[in-house]
Amino acid sequence: MAKHHIVQDKYLTQWRKSGTENQLNIYVIDENQIIERGPGWKGFWRDDFNVLEDDGEKSYLPEEVTAIIDTKGIEAIRKINTASEELLSGMDRSCVAFYTALQYTRTPRHREETNKLIEATTRHFMRKDLPSPDKVHMSKEKILEHNPQNKMESDALDVISKMTQEEINSQIFEAIHGDTVRVGLTKTGHSKGILKVGRHAEKIFEMQWLFLVAPEGTSFITSDSPCFAVSTSKLNGLLSPHSTVYFPLRPDICLYIKPSMKSKAEYYMKLDKGEVRNINSLILSNSHQCGMAKDKIHLEKLIRNFDYKNHRKSRDISISESGHYTMFTAK
């Protein structure tokens, strides 16, 4: 199977220890330790992460799309000048908008949360529709009409052929009301989501951008989930008007966007070391499995009081009902 970066290697290279040493200071949360690896470290790779699962195709569109966005995006990011505080050209702004939407969409954290949401909604409504085994209406004959695609399906059909209809109903009911069967998108389904970044990028382009600038002697960290949104309300997401989006573009710049502010304006704000430290804590807490810092000493100080044992790789889904409405919220 092909393997693909969850975060662009050229983006990660900006955080290497020096211009000559191609190594990153990586804090692995599960192991609670800092290691040194290059931007090509296996922790940044996933099997078939951006590709459609179609054995008959040699060219996979999602990977081609991400390659274009990655190239144009990183070129535009490198043009940002914190000294002159010049505004980006329309083309460069568009490239950064696409890059931001892509980095939010394709991370493992986002995929996990998408699967959790799909599972929560599917289970919730199926359980309401099937409150007891006698409400299951899936005949044995209909199930056995399925043409098995592999040995696992063939073995399953063989077992079902020896069961009574009551036994089948009971097992379906237990699967829906239990916690053993997982529900989520296939890799193909997730990959198709990458093709929707254009509509997100268009809206990001229209928003007000604030480039937060780190002072000399400190820098922003990044993670394997570099672009994320936080919110004080139940509505949270890349485009939610209640959210604030953070995305460290480089060690010296963090993009800060409030989706509710739509002016296409760009501003620069110089932070002090304490403000940078607070944002770095936020970046680490919203990471998936690891964080990276240009300066090892800064990373060591940051993780000193970090509760790695209770770190959540992704948000959970809460369900609330109001009358006929059901709300599913990631928090």
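**Entry 1: β5 and its partner**

I began with strand β5, residues 209-213, which is joined to β10 by 5 bridges. The two strands run parallel. I looked up one bridge by name: Trp209 in β5 has Glu266 in β10 as its partner. I note here that the model is a predicted one.

Where does this pair sit in the sheet order? I traced an open sheet of 5 strands, ordered β7-β8-β9-β5-β10. Its pairing is mixed. I then checked the edges and found β7 (228-231) and β10 (266-270), each paired on one side only. From one strand to the next, the twist averages 25°.

**Entry 2: the loop before β10**

I went on to the loop between β9 (253-257) and β10, where I found Lys264. Its phi is near 60°, a positive value in a residue that is not glycine. I kept the general rule in mind: most residues other than glycine have a negative phi. Is Lys264 buried or exposed, or in between? I read a relative accessible area of 43% for Lys264, so this residue is partly exposed.

**Entry 3: the antiparallel sheet**

Next I took the open sheet of 4 strands. I read its order as β3-β2-β11-β6, with antiparallel pairing. The edge strands are β3 (33-37) and β6 (222-223), and each pairs on one side only.

I looked closer at β2, residues 24-28. It runs antiparallel to β3, and 5 bridges join the two. Leu24 stands opposite Arg37 in β3.

Which helix lies across this sheet's strands β2, β3 and β11? I found helix α11, residues 296-303. Helix α11 runs at about 15° to β2. Strand β11 covers 290-293.

**Entry 4: the turn at Asn32**

I followed β2 into its hairpin with β3 and counted 4 residues between the strands. Asn32 belongs to this loop. In the hairpin, Asn32 takes a positive phi near 50°. I marked this residue because most residues other than glycine have a negative phi. Asn32 is not a glycine, yet its phi is positive, at about 50°. With a relative accessible area of 31%, Asn32 is partly exposed.

**Entry 5: the C-terminal pair of strands**

I turned to β12 (residues 317-322) and β13 (residues 325-330). They pair in the antiparallel sense, over 6 bridges. Ser322 stands opposite Tyr325 in β13.

How many residues lie between the strands of this hairpin? I counted 2 residues between β12 and β13. Gly323 takes a positive phi there, near 65°.

**Entry 6: Gln103**

I picked Gln103 in helix α3, which covers residues 90-105. Why did I write Gln103 down as buried? Its relative accessible area is 0%, and buried means under 20%.

I listed what Gln103 touches, leaving out residues up to four places away in sequence. The contacts include Ile6, Val7 and Gln8. Asp70 is also among them. Pro226, Cys227 and Phe247 are further entries in the list.

I also took a distance from Gln103 to Glu167. The two are 64 residues apart along the chain. Their C-alpha atoms are separated by 46 Å.

**Entry 7: the whole chain**

I closed with the chain totals. The protein chain has 11 helices and 13 strands. Its C-alpha trace spans about 75 × 45 × 40 Å along the principal axes. Of the 331 residues, 42% are buried.

I then looked at contacts between residues at least 6 apart in sequence. Of these, 73% join residues at least 24 apart.

For the surface, I noted about 17900 Å² exposed by the protein chain. Carbon and sulfur atoms supply 52% of that area.

How many positive and negative side chains did I find? I recorded 47 positive and 45 negative ones. The centres of the two sets lie 4 Å apart.

Definitions and conventions. Residues numbered from 1 in each chain as written. Predicted model: local features only at pLDDT ≥ 70, side-chain atom pairs only at ≥ 80, totals over all residues. Heavy atoms only, no water. Buried < 20%, exposed > 50% of the residue type's maximum accessible area, 1.4 Å probe, protein only. Contact = heavy atoms within 4.5 Å. Areas by Shrake-Rupley, 256 points an atom, 1.4 Å probe, with all protein chains shown as cover. Lys, Arg positive; Asp, Glu negative; His and termini not counted. Charge placed at Lys NZ, Arg CZ, Asp CG, Glu CD. Pairing = 2+ DSSP bridges. Axes fitted to C-alpha atoms, helices over the stretch in contact; angles between N-to-C directions.
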